[in-house]
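Student: I should like to learn how individual features of a protein model are read. Could we work through one example together?

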Amino acid sequence: MPEQPADLENTDLDGTAHDNTDPSVDGDDRAAWQAAYDATRLRDVPFETMSGVPVDPLYGGAPYPGQYPYTRGLHAAGYRSRLWTMRMFAGFGTAEDTNARFKELLRAGGGGLSTAFDMPTLMGRDSDYEWSLGEVGHCGVAVDTLADMEDLFADIDLSTVSTSMTINGPAAMIMAMYVAVGEKKGIKRSQLGGTIQNDILKEYQAQKEYIFPPRPSMRIITDMMKFTSAEMPKWHPISISGYHIREAGSNAAQELAFTLANGFAYVEAAMAAGLDIDDFAPRLSFFFNSHSDFFEEIGKFRAARRIWARWMKERYGAKNEKSLMMKFHTQTAGVSLTAQQAEINIGRVAIQALAGALGGTQSLHTDAYDEAMALPTEDAARIALRTQQIVAHETGVTNVVDPLGGAPYVEWMTDEMERRAEEIFAHLLDIGNDSILEGAYAGIDDGYFVGEIADAAYRFEREVNEGQRIIVGVNEFTEGDDGERNLLRIGAEVEEYQLKRLQDVKQRRDSDAVDRVLAKLKTEAADSEINLMPTMIEAVKTFATEGEIVASLEEVFGTYVEKVFL
Amino acid sequence: MAQEQQLRVVLAKLGFDGHDRGIKIVARILRDAGMEVIYLGLRQSYKNVVNAVEQEDADAVGLSMHNASHMTLGPKMVDALAEAGLEVPVIVGGIVPEEDVQPLMDKGVAVILGPGASAEEVAQAVRDSVAAMHATQ
């Protein structure tokens, strides 16, 4: 019943009513919404159409934005108060190159830095590792030792900027380096603000940048959550990411369900380690894909907020309202970009960006049209940013909070996404003996996640191949591809420079100190009662390399090798 | 019908590259086309691939590359197979820019399949490259 969404919101899939005993977070309070809206400072722009027709901030009724279960958004005023953050992820070259770009960005008024690491760094290997050849500095910056991290953040005040770092397997070592750089600058841990992706479960399921087996990896993540809860209140220790699950081939409901299940798994792990849910849950954030099926994506985003709020409140007993509010970043679907007639990708990205905005994303990265074949050229990246600026400033969709809320199809799609996700949660609880965390381990072990993803990817591919699904420029409307490409190429100089730099650092450091701290780390790794973060920080300060720390821990934890499932 | 003998294809991802969506689809396409597929998985070394080709008596090797490291890894795989005395075609699929296609073929890669290759094109490329390899022997 779309005209009565409040009833829908309060009814479980099995038909039982939710017991919303706390009226302050119940989603049907119009007066509370109005009060919250009136108290919000709005952007200084006219909230009217292009033709001068004034528009209200909100149409339709409950559940009101800013109220449980947040289907219509986290804030009463939506984008009227603040647009989403246009966060463009980029980077390649040496630490010094990236540092220069960071400073440029900060001078231009940016308050947040986003760091991309190269493949060896992401895999926890040094630049001189066998497979690193040809990969050093390619899709991000190379970080082998603390010296690189010091160069990366030279002359930047880490007490005022927030830094986002996209890394998972070796996240603990990179976070330790960040803390150490801060200390060398005289900045306390408690002043450091930022986010580290650190979502290892989706690595086993989709992105495949894992190092250790799942359980020791979860132990490290739990150590990081404890450490940041106690010492780094401004730090977000995990960004739970569905983006890569979708890119690997899942459908929208699987992306939604696997991602939220991973979120629940981290919550269960942290609670099992003795953390209070309301101490860490407000600092969890999410990252989703925005693909081309417009209404499916919007339904997915709306369902994500609602599911998270319900589970956090009802299953895990969170009390702090902030623990119930799902914040997420969105990136348009890289996998939807075609190499054929690459320019038409601009149209795809615009539609996907619009879906992200209508789904209420907190931040957005728009892909460049030439990314199917290589890292984006500067021109293409500029067009991508301009595309989301058009959505934000020209389309008028930011004038009204959740403008599609109450539309029958949109509400149905939101419910349907939730229903499909709940089916998957039920399966995970089933194979995990009523624990989502154990279900995640079991699903990794028995090939459930990779199997579901591969099946969905194959199904899509077959439909395209058989012409049941039209992809413009690929299996229809193929005329007009001139094949001309202007691709970004990366030279070999970065690799040569980085190898020499690594050698220099190794020669200059006190290698006895390195050996001692690595031995200590191994001893501590064998005792799950000890938090590894303090010794990890000590280790990076001796200029032990990322690869050496990883190798030491592998001696205790082992190395994960994926079972092959087809 | 000489074509009736079932072809055996070893598929692998070399090095760090973890993008396995494409290679898993290719594995199913080749299986559906009646071939026997031995997918070794991620992070394989040249040696693992050589061993698999020997043990499985494979007719072709398929590599999937999405990390712009094809110019390093492709030719090295060709050389490793040649050093082991194995005459099997190496087929590269994934993201290979147009201007890299000829240089890769010059270094002994048999076929390069880009984005948008149909299921039929993928299966036919394997059959053709195996046939071409036998014709030159």
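**Reading the features of a two-chain model**

Tutor: This is a predicted model. We may begin with chain B, where strand 4 (residues 90-94) and strand 5 run parallel and are joined by three bridges. Within this pairing, B:G93 stands opposite B:L113 of strand 5.

Student: What holds the strands of a sheet together in general?

Tutor: Strands of a sheet pair through backbone hydrogen bonds, and the pairing may be parallel or antiparallel. In chain B, five strands form an open sheet with parallel pairing, in the order 2-1-3-4-5.

Student: Which strands are the edge strands of this sheet?

Tutor: They are strand 2 (36-39) and strand 5 (111-113) of chain B, each of which pairs on one side only. As for the twist, neighbouring strands of the sheet are turned against each other by 25° on average, with direction ignored.

Student: Let us turn to chain A. How many helices and strands has chain A?

Tutor: Chain A has 22 helices and nine strands. Its C-alpha atoms fill a box of roughly 70 × 60 × 50 Å along the principal axes. Overall extent is read by comparing the radius of gyration with the value expected of a compact globule: for 566 residues that value is near 24 Å, and chain A agrees with it because its own radius is 24 Å. Of the 566 residues, 50% count as buried.

Student: How are the contacts of chain A distributed along the sequence?

Tutor: One takes the contacts between residues at least 6 apart in sequence and asks what share join residues at least 24 apart; in chain A the share is 76%.

Student: How is chain A divided into domains?

Tutor: The domain assignment gives domain 1 (83-237 + 517-566) and domain 2 (239-501) of chain A. Their C-alpha centres lie 23 Å apart. Across the boundary, 38 residues of domain 1 are in contact with 45 residues of domain 2. On the domain 1 side, the elements that give two or more residues are strand 1 (85-86), helix 7 and helix 8 of chain A. Helix 8 of chain A contributes the largest share, seven residues. By class, this side of domain 1 has 19 nonpolar, 13 polar and six charged residues.

Student: How should one read the surroundings of a single helix, such as helix 17 of chain A?

Tutor: A general point comes first: an α-helix has 3.6 residues a turn, so residues three or four places apart point the same way. Helix 17 (residues 436-445) of chain A is mostly covered, with seven of its 10 residues buried. The buried residues are A:I436, A:L437, A:G439, A:A440, A:Y441, A:G443 and A:I444. Their cover includes helix 7 (201-207), helix 8 (214-231), helix 10 (252-272), helix 16 (408-431) and helix 18 (448-465) of chain A. Just after helix 17, A:G447 takes a positive phi of about 75°.

Student: Which residues other than glycine have a positive phi?

Tutor: Two cases may be set side by side. Phi of A:Y70 is near 65°, and phi of A:D155 is near 60°. A:Y70 lies in the loop between helix 2 and strand 1 of chain A, whereas A:D155 is placed in the loop between helix 5 (146-152) and strand 3 (162-166) of chain A.

Student: Why does A:Y70 count as buried, and why does A:D155 count as exposed?

Tutor: The reading rests on a count of C-beta neighbours inside 10 Å, where 20 or more means buried and 12 or fewer means exposed. A:Y70 has 27 such neighbours and therefore counts as buried. A:D155 has 9 and therefore counts as exposed.

Student: Where are cis peptide bonds found in chain A?

Tutor: The angle to inspect is omega. A cis bond with omega of about 0° joins A:A62 and A:P63, and another, also with omega of about 0°, joins A:Y68 and A:P69. A:P63 is found in the loop between helix 2 (30-38) and strand 1 of chain A, and A:P69 is found in the loop between helix 2 and strand 1 of chain A.

Student: Finally, how many residues does each chain bring to the contact between chains A and B?

Tutor: Chain A brings 30 residues and chain B brings 24. Helix 4 (119-122) and helix 18 of chain A each supply at least two residues of the chain A side. Helix 18 of chain A gives the most, with five residues. The chain A side divides into 17 nonpolar, seven polar and six charged residues.

Definitions and conventions
Residues are numbered from 1 along each chain as its sequence is written. Chains are lettered from A and ligands numbered from 1 in the order in which they are written. This is a predicted model: local features need pLDDT of at least 70, side-chain atom pairs count only at pLDDT 80 or more; totals for chains, interfaces and linings use all residues. Helices (H or I, at least four residues) and strands (E, at least two) are DSSP runs, numbered from the N terminus. Two residues are in contact if their C-beta atoms, placed from the backbone, lie within 7 Å. Domain bounds come from an automatic or database domain assignment. Ala, Val, Leu, Ile, Met, Phe, Trp, Tyr, Cys and Pro count as nonpolar, Asp, Glu, Lys and Arg as charged, and the others, Gly among them, as polar. Two strands pair if DSSP finds at least two bridges between them. Axes are lines fitted to C-alpha atoms, for helices over the stretch in contact, and angles run from 0 to 180 degrees between N-to-C directions. The radius of gyration is taken over C-alpha atoms; the globule rule is 2.2 Å times the number of residues to the power 0.38.
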